[in-house]
Structures are given as structure tokens and as C-alpha cells.
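Grab a coffee and work through these short exercises with the model open on your screen. Try each task yourself before reading the solution.

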Amino acid sequence: MKGAGQTKRLVVLAMLSGIALVIFVIEAQIPSIYPGVKLGLANIVTLFTLYRCGRREALAVLLVRVMLGAIVTGMLQTLPFSLAGGLLCIGVCSLLRPVVMKNVWLCSMVGAVFHNIGQLLAACVVAKSFAVLALFPVLLVSGLATGLFTGLCTWFLLPRLDKIFSKIPFSEHPLK
């Protein structure tokens, strides 16, 4: 029986990774209104995974989406920025989740800001300059706004998919 549970878990994580990748690829085709600003709709899937499946699963979905997203879109130069932002975001959200369990939108907003901070730190390293930090005020405001939007989307999805995800064994019980 343990093998069947692991197979279900793997299939669900592959499905979530695939959904996140498709959303990422579609969103990559939409022109940005400002450098570095986008909705980050694929983050809905990562946040959902964090809240319903656990930290390790959310990290796996994030890494698969970031790596395959860079390859599929042909934007390998964005990989360090996406990884830095995504890893900092998932780390902060993992720590914050137990504190703000019912307020997914708040966790998402904080995570979005830390995602932007991670990207800016990566840009400082790549550019060998702190001049890119001048983008922080714009990224702070956009991160709060997009984080609120993705958080509300996730909050809306969570109870609607409970029946499906409650039957699959994950690394931790995410709601405790």
C-alpha cells in the first residue's frame, strides 16, 4: 500500500508542476509593464502546494517549474534570478505559514516581496553593482499588489480542492 501512496503523491506533484509550468509559459508571453514586474500566476500553484501538500513538495514544484520554465521559454539567463527569488520566497513562506495559516493572502504578499528581494540580490551579484536596488520601491509596491492577488486566488482554491488532496499522503500534514 505504501507504494501506491507514493505513486499518487508523485503523480499529483507532477501534475502541479505541469500546471505551474503551463501558466508560467503563457504568462511569459505577456509583455511586462515595467522591468521585473509580472503577476506571477504560477506562484498560485506553488503556494497552493505549500498549504495543501507541505514544504518539501512546494520546493519540488518550484524547482521543476523554474528549471523547466527557463529551458522551455529559452530564457536561461533568467535562471539565477528566478532561483534566488523563488528559494527566498518559499523559505519565508514556509516559516510564515504556521503563523498566518488562515491568511494565505498575507503569506503570499510577504513572499512576493521576498521574491523581489531575492531577485534584486541576484541582480546585484550579476551586475556587480548595487544600482539595481533603485528598483526596490517599484518592486515593493508591485510585489504587494501581485502577492495579494495570487494569495486571494490561492485562498479561493484551497477549500475547493480539499477532497482531492486529503486522500494523498504527503511529507507532512500541512494543516496542523
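In which helix is L83 found? Keep in mind as you go that this is a predicted model.

**Exercise 1. Place L83 and describe its surroundings.**

Task: Work out where L83 sits, how exposed it is, and what it touches.

Solution:
- Step 1, location. L83 is found in helix α4.
- Step 2, exposure. Its relative accessibility is 22%, so L83 counts as partly exposed. The cut-off for buried is under 20%.
- Step 3, contacts. Skip the neighbours within four places in sequence, and L83 is in contact with L63, V66 and M67.
- Step 4, a distance along the way. L83 and Q119 are 36 residues apart in sequence, yet their C-alpha atoms are 8.1 Å apart in space.

**Exercise 2. Check the lengths of two helices.**

Task: Do a ruler check on α4 and on α5. What span should each have at 1.5 Å a residue?

Solution:
- Step 1, the rule. The expected span is 1.5 Å times one less than the number of residues.
- Step 2, α4. With 18 residues, α4 should span 26 Å, and its end C-alpha atoms are 25 Å apart, which agrees.
- Step 3, α5. This helix covers residues 104-127, and its 24 residues should span 34 Å. The end C-alpha atoms of α5 are 34 Å apart, so that agrees too.

**Exercise 3. Describe how α4 and α5 pack.**

Task: Find the angle and the axis separation for α4 and α5, then say which hand the crossing has.

Solution:
- Step 1, geometry. The two helices pack at an angle of about 145°, and their axes are 7 Å apart.
- Step 2, handedness. The crossing of α4 and α5 is right-handed.
- Step 3, who makes the contact. From α4 the residues include G85, G86, C89 and C93, while α5 gives, among others, C107, G111, G118 and A122.
- Step 4, what is covered. The buried residues of α4 include G85, G86, C89 and C93. Among the elements covering the buried residues of α4 are α2, α3 and α5.

**Exercise 4. Look for disulfides.**

Task: How many disulfides does the structure hold? Go through C107 and C124 to back up your count.

Solution:
- Step 1, the count. There are 0 disulfides.
- Step 2, C107. The nearest cysteine sulfur belongs to C93 and is 3.6 Å away, and C107 is in no disulfide. A disulfide needs the two sulfur atoms within 2.5 Å.
- Step 3, C124. Its closest cysteine sulfur is in C89, 18 Å off, so that is too far for a bond.
- Step 4, burial. C107 has 0% relative accessibility, so it counts as buried. C124 counts as buried as well, because its relative accessibility is 9%.

**Exercise 5. Map the largest nonpolar core.**

Task: Which residues of the largest nonpolar core touch the most other members, and which helix gives the largest share?

Solution:
- Step 1, the hubs. The core has 27 residues, and those touching the most other members are L16, L47, L50, Y51, V61, C107 and F165.
- Step 2, the contributors. Elements giving two or more residues to this core are α1 (2-28), α2 (42-52), α3 (55-73), α4 (79-96) and α5.
- Step 3, the largest share. That comes from α2, with 6 residues.
- Step 4, burial of α2. Of its 11 residues, 10 are buried, so this helix is mostly covered. L47, L50 and Y51 are among the buried ones.
- Step 5, zoom in on V61. Leaving out neighbours within four places in sequence, V61 is in contact with L13, L16, S17, A20, V45, T46 and T49.

**Exercise 6. Compare a loop residue with two helix residues.**

Task: Is K128 buried or exposed? Then ask the same of T146 and of G147.

Solution:
- Step 1, K128. This residue is found in the loop between α5 and α6. Its relative accessible area is 76%, so K128 is exposed.
- Step 2, backbone. K128 has a positive phi of about 55° although it is not a glycine. Most residues other than glycine have a negative phi.
- Step 3, T146. It is in helix α6 (residues 136-157). At 15% relative accessibility T146 counts as buried, and it touches K38 and L39, not counting residues up to four places away in sequence.
- Step 4, G147. This residue also lies in α6, and at 1% relative accessibility G147 counts as buried. With residues up to four places away left out, G147 touches W105, S108, M109, A112 and S142.

Technical notes: Residues numbered from 1 in each chain as written. Predicted model: local features only at pLDDT ≥ 70, side-chain atom pairs only at ≥ 80, totals over all residues. Heavy atoms only, no water. Helix = DSSP H or I, 4+ residues; strand = E, 2+ residues; numbered from the N terminus. Buried < 20%, exposed > 50% of the residue type's maximum accessible area, 1.4 Å probe, protein only. Contact = heavy atoms within 4.5 Å. Core = buried A, V, L, I, M, F, W, Y, C linked by side-chain atoms within 4.5 Å. Axes fitted to C-alpha atoms, helices over the stretch in contact; angles between N-to-C directions. Left-handed = near helix turned anticlockwise from the far one by under 90°.
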